[in-house]
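Dear colleague,

Please find below the structure for your records. I would be grateful if you could read the notes beneath it alongside the sequence.

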Amino acid sequence: MSARPRRLLAATVVLSLCATSAVAAESHGGDSHGGGSVRSAPIAPLPIVPYTVPVELVRTLQLLQDRIAQGQTQAFHGQRALMQHAEERMVALPPEVWAEAVNIRAAVTFALSGGGPGLLRQVMGSGKVGEGETPLVLGALAYLEGREKEARTLLAKFDPNAVPVGLGAQLALAQAALAARDDPAQSIRLLDLARLIAPGTLVEEGALRREIFVLAHVGDLARFEALSIQYLRRFRHSVYAGNFRQRFAAALTRLDFASDGARFAKLQAMLDEIEPEGRRDLYLLVARAGLDQGKTATAVFAAERAITLVDAASAWSARARLYRAAALVAADGQFEASLETLRATDRSVLAEADAALLDSALAMAAQIRSVPALGAKPPEAAPAAKRSLPTTPAIARAQGAIGQIDALMTRSDR
């Protein structure tokens with residue numbers, strides 16, 4: 001134990017003994033010689049320094065955002081109004097406020113928490129920012145305005161562990177986003193740090209969500225699985241969980257579970273961590289993402305798992321059977337059964353995107369059926385140019401979605 005903790009421990013013991021002696025003296029009605037009553041002197045309360053306005057506003061915002069991570073939609077809808085109110089109050093403060101480092105750090109924390117660059121421009125315009133805090137403000141401003149090279153240079157001067165916790169967590173998130181493209185390993189380390197600094201907060205939820213997709217991008221399947229299970233256990237009710245599930249489904253298909261039969265069991269083990277309704281939705285998302293990316297084995301597996309979790313007469317069942325049939329319509333020995341399923345699908349219960357998928361699958365089936373049987377005598381007319389399957393709007397949208405997913409995997413969302 002170092003010298004300072006030893007001194008603190010010794011002081012605590014002395015204070016405890018003094019308090020015990022005073023209580024004992026009072027309980028015996030006097031001193032050891034039977035004299036008059038001995039009363040201990042009242043203990044003066046410790047001085048309490050009130051929070052400054054910027055610090056108080058940022059703390060209120062952080063409490064609201066932590067409720068968002070817990071799934072409170074009212075907090076999510078109230079966030080914008082609170083941010084606007086907080087920014088208006090801080091912008092109206094006299095310039096002298098920004099001469100204090102504690103207020104500067106609160107302003108940077110607010111900006112990185114979703115407040116945007118407006119307040120930081122006002123702070124820099126006050127002319128009161130000290131030399132030591134100027135790189136922090138300018139670095140955060142560059143980050144929010146998309147000047148990544150400048151932001152990396154300026155923010156690299158600050159250690160997230162050496163600043164207040166709220167700022168340190170947001171600083172680690174920003175540094176991780178700036179490193180994600182060129183140095184994924186450093187990005188992962190910074191996201192780990194953000195989670196450690198601010199456990200149970202929206203910062204941890206966001207850091208965990210982003211780290212999962214960086215791990216998927218670099219192919220670290222073991223950690224991807226471990227952190228995915230952690231997210232699904234702890235933050236499945238987060239307001240941002242819907243976005244996570246969409247990207248998670250795409251990431252699962254990118255990892256190509258069909259290349260290793262054991263991975264299907266791992267996928268099932270991951271999804272078994274959540275309630276049946278959430279599991280159903282994720283299997284459907286995985287099946288659809290598998291179709292969009294041409295991973296038919298993954299699509300079939302996920303669709304079949306979803307079928308076991310739904311009522312046969314439900315719209316979810318129609319979606320699951322559609323995805324399975326669309327994946328198998330070109331498979332050997334599966335054409336007739338898949339075509340029958342496609343034709344029997346109730347279009348009225350499908351969303352627009354799924355109705356377009358049904359049209360694409362039926363068009364593909366028509367193309368397959370029109371191919372001449374093997375061994376048939378070819379016509380005497382000049383051979384036609386090789387035909388390709390039609391590109392429908394649904395396929396085009398799927399290809400665009402794949403490109404967007406690739407871009408998101410390359411760089412963590414801010």
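The notes that follow concern salt bridges and one helix packing.

Please bear in mind that this is a predicted model. A search of the whole structure finds 22 salt bridges. Side chains of opposite charge can pair when their charged atoms come close. Three individual pairs and one network are described here.

Within a single helix, Glu148 and Arg152 form a salt bridge through their side chains, at 3.9 Å from N to O. Both residues belong to helix H7 (residues 148-155), where they are four residues apart, about one turn of the helix. Glu148 has a relative accessible area of 15% and is buried, because buried means under 20%. Arg152, with 32% relative accessibility, is partly exposed.

A further salt bridge joins the side chains of Arg236 and Glu275, with an N to O distance of 3.1 Å. This pair links distant parts of the chain, 39 residues apart: Arg236 is in the loop between H11 and helix H12 (241-254), while Glu275 is in the loop between helix H13 (261-271) and helix H14 (276-292). Arg236 is partly exposed at 27% relative accessibility, and Glu275 is likewise partly exposed with a relative accessible area of 27%.

Asp354 and Arg319 also meet in a salt bridge between their side chains (3.4 Å, N to O). Asp354 is part of helix H18 (residues 352-370) and Arg319 is part of helix H16 (residues 315-328), so this salt bridge ties together parts that are 35 residues apart in sequence. With a relative accessibility of 5%, Asp354 counts as buried, whereas Arg319 is partly exposed at 22%.

In addition to these pairs, a network of salt bridges links Arg121, Glu145, Arg147 and Glu150.

Turning to helix packing, how are H9 and H11 arranged relative to each other? Helix H9 (residues 184-197) packs with helix H11 (residues 221-234) at an angle of about 25°, and their axes are 15 Å apart. Angles under 35 degrees count as roughly parallel, and H9 and H11 are therefore roughly parallel to each other. The crossing of H9 past H11 is left-handed. On the H9 side, the contact is made by Ile188, Asp192 and Arg195, and on the H11 side by Arg223, Leu227 and Gln230. By character, the residues of this contact comprise two nonpolar, one polar and three charged.

Yours sincerely

Definitions and conventions:
Residues are numbered from 1 along each chain as its sequence is written. This is a predicted model: local features need pLDDT of at least 70, side-chain atom pairs count only at pLDDT 80 or more; totals for chains, interfaces and linings use all residues. Side-chain values use heavy atoms; hydrogens and water are left out. Axes are lines fitted to C-alpha atoms, for helices over the stretch in contact, and angles run from 0 to 180 degrees between N-to-C directions. Helices (H or I, at least four residues) and strands (E, at least two) are DSSP runs, numbered from the N terminus. Angles under 35 degrees count as roughly parallel, over 145 as roughly antiparallel, 65 to 115 as roughly perpendicular and the rest as oblique. A crossing is left-handed if the near helix is turned anticlockwise from the far one by less than a right angle, and right-handed if clockwise. Contact means heavy atoms within 4.5 Å. Ala, Val, Leu, Ile, Met, Phe, Trp, Tyr, Cys and Pro count as nonpolar, Asp, Glu, Lys and Arg as charged, and the others, Gly among them, as polar. A salt bridge is a side-chain nitrogen of Lys or Arg within 4 Å of a carboxyl oxygen of Asp or Glu. Buried means under 20% relative accessible area, exposed over 50%, partly exposed in between (1.4 Å probe, protein chains only).
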